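Visitor: I should like to learn how the features of a protein model are read from its coordinates. May we take them one by one?

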Amino acid sequence: MHRLLRAAAGALVALVAAGVLACTFALPASAHVVPTSSIALAVTDDDVTADVEIPLSDLEAATGLDLGDYTQADVDENADAIEAYLLEHFEPTSDDGTEWSVSEGDLTVISTGDSTTTGVYAALETTFTLTPADGESTDSFDLGWDAIVDTVATHTVIVTVTSDSTDADFSGTYEVGTVQRDTVTNEVEGLHVETGSGASSAAFLDMVALGISHIREGTDHQLFLLTLLLPAPLLAMPPSAGVRARGRRWAGRVGGVTAWRRIGATTLAFTLGHSITLALGTLGVPVAETWIEAAIAASILVAAVHAVRPLFPGREALVAGAFGLVHGLAFSETLRALDLSGWHLVVALLGFNIGIEVMQLVVVALVLPPLVLLSRSRAYEPLRLLAAALTGVAACGWLAARVGWANPVADGADQLGDWSLPALTALWLGALLALVVGGARRSPAAGEAARPSRSGG
């Protein structure tokens, strides 16, 4: 009876915990990166022009307005309320706290985004003119923007300077920072703008944070890496054993150090691959968006099949690097939209890449230890197979949707991130349970009883 209960408990833990490998660590998350707002500043001696772009879905969520189908007519119908909301949440001030005057231009609906990263979506475009009091400088001020982020916790506003007639050394668009919600204090972090600061440490750290957010909020990129973790603790029957390819299977397990070495090499290769094409895509290399998006879904499907039966044992790093080239082209759209150049682009690329790698390492650190522990239990095989099956189904749904066949499987897969934290908790609880059960099985009394029979046999 005890053995039956233990097997049932192990199977239940496997069913629940498997969900983490079909999820991400973002709340909420989707197959695409969550769209951001952008504010592009043009600085002169007299004033600052701010070109603002806001996803209409987030504007609707923040204001509570019904914007219908996000058409120009829908926005025009609610223009007064939208203008009032935006002006209420845009209060720039000089360094000494003196308020600037703010005037707003027309509200225009545009189609923007990218099918590979954010998806194509409707956005509101408008222009503000920010004018300081007489004698106040335009080269240093508090932006005073908290629209959308005051309500939508996951929203980010990227702020750039696109021109500056006060700076004789201006060398092209640069990012000055982001406006977002502090996840600890739950308060909106203000942004202080200093022109000429495009290569500052603050701008670099902002790009690191943007890279972290990009991975945290993108289900498909994480799912590829997570699925490659599944067989990391296992051994595959090698071709040299005389077994035909179709007869290969995962058998036995490797030590924790070997598992960490494997996934470390896989993660590094994936990083190198996407770093190359991230730079090329940002610099303007043409991207076949539909095919890149489909290739990302295909990479997840290949990883899922490999988790069930070895396709490329010992070559996970090589495959991760190759598919990293594909994923990097998708990453590039985020930086391409900022239109950076020169040293500012170098700083942005470096910071963004570091952020991506940091988040990938966090994912590995959270998931690989419990997988190594569970690999020693009977629960691991059903866990691995179920997780691979769920991933494969999600990948098939995404692949079909990305070549033009909309389907409910893809829609459901986009929402997998909602279950990430409960699934991660279940994964760790399952690993701890496996550790306790395994320790009880290897009790001192049992060990003492086993030793004489081995020496005598």
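Visitor: Does Tyr70 count as buried, partly exposed or exposed, and at what relative accessibility?

Guide: This is a predicted model. Buried means under 20% relative accessible area and exposed means over 50%, with partly exposed in between. At 25% relative accessibility, Tyr70 therefore counts as partly exposed.

Visitor: Where is Tyr70 placed, and what is its phi?

Guide: The general idea comes first. Most residues other than glycine have a negative phi. Tyr70 is not a glycine, although its phi is positive, about 60°. The residue sits in the loop between α2 and α3 (72-77).

Visitor: Which value does phi take in Ile148, and is that residue buried or exposed?

Guide: Ile148, likewise not a glycine, has a positive phi near 70°. Its place is the loop between β7 (140-142) and β8 (156-164). With a relative accessible area of 0%, Ile148 is buried.

Visitor: What follows α2, and what is the sign of phi there?

Guide: Gly64 follows α2, and its phi is positive, near 80°.

Visitor: How does one describe the packing of two helices, and what are the values for α2 and α4?

Guide: Two packed helices are described by the angle between their axes and the distance between the axes. For helix α2 (residues 56-63) and helix α4 (residues 79-88), the axes come within 11 Å and cross at roughly 80°. Angles of 65 to 115 degrees count as roughly perpendicular. The helices α2 and α4 are therefore roughly perpendicular to each other.

Visitor: Which residues make this contact, and how do they divide by character?

Guide: From α2 come Leu59, Ala62 and Thr63, and from α4 come Ile82, Tyr85 and Leu86. The residues of the contact of α2 with α4 comprise five nonpolar, one polar and no charged.

Visitor: Which residues of α2 are buried?

Guide: An α-helix has 3.6 residues a turn, so residues three or four places apart point the same way. In α2, the buried residues are Leu56, Asp58, Leu59, Glu60 and Ala62.

Visitor: Let us turn to the strands. How many bridges join β1 to β8, and do the two run parallel or antiparallel?

Guide: β1 and β8 run parallel and are joined by seven bridges. One pair of partners is Ser37 with Val157 in β8. β8 also pairs with strand β9 (residues 174-180), in the antiparallel sense and over six bridges. There, Val159 stands opposite Gly177 in β9.

Visitor: How many residues of β8 are buried?

Guide: Seven of its nine residues are buried, so β8 is largely enclosed by the rest of the structure.

Visitor: Which residues surround Leu41 in strand β1?

Guide: Leu41 lies in strand β1 (residues 37-43) and is buried, with a relative accessible area of 0%. Beyond its neighbours within four places in sequence, its contacts include Val48, Phe141, Leu143, Val159, Val161 and Val193. For a view across the sequence, consider Leu41 and Thr195: they are 154 residues apart in sequence, and their C-alpha atoms are 9.8 Å apart in space.

Visitor: In what order do the strands of the sheet containing β7 stand, and which are at the edges?

Guide: The order is β3-β7-β10, an open sheet of three strands with antiparallel pairing. At the edges stand β3 (93-94) and β10 (192-194), each with a single partner strand, so one side of each has no neighbour in the sheet. Three bridges pair β7 with β10 in the antiparallel sense, and Ser140 stands opposite Glu194 in β10.

Visitor: Is Thr266 in a helix or a strand, and what does it contact?

Guide: Thr266 is in helix α7 (residues 256-282). At 4% relative accessibility, it counts as buried. Leaving aside neighbours within four places in sequence, Thr266 is in contact with Leu228, Glu316, Ala317 and Ala320.

Visitor: What are the values for the protein chain as a whole?

Guide: The protein chain has 14 helices and twelve strands. Of its 457 residues, 49% count as buried. Of the contacts between residues at least 6 apart in sequence, 75% join residues at least 24 apart. The chain exposes about 20,300 Å², of which carbon and sulfur atoms supply 60%.

How values were computed. Residues numbered from 1 in each chain as written. Predicted model: local features only at pLDDT ≥ 70, side-chain atom pairs only at ≥ 80, totals over all residues. Heavy atoms only, no water. Axes fitted to C-alpha atoms, helices over the stretch in contact; angles between N-to-C directions. Helix = DSSP H or I, 4+ residues; strand = E, 2+ residues; numbered from the N terminus. Parallel < 35°, antiparallel > 145°, perpendicular 65-115°, else oblique. Contact = heavy atoms within 4.5 Å. Nonpolar A, V, L, I, M, F, W, Y, C, P; charged D, E, K, R; others polar. Buried < 20%, exposed > 50% of the residue type's maximum accessible area, 1.4 Å probe, protein only. Pairing = 2+ DSSP bridges. Areas by Shrake-Rupley, 256 points an atom, 1.4 Å probe, with all protein chains shown as cover.
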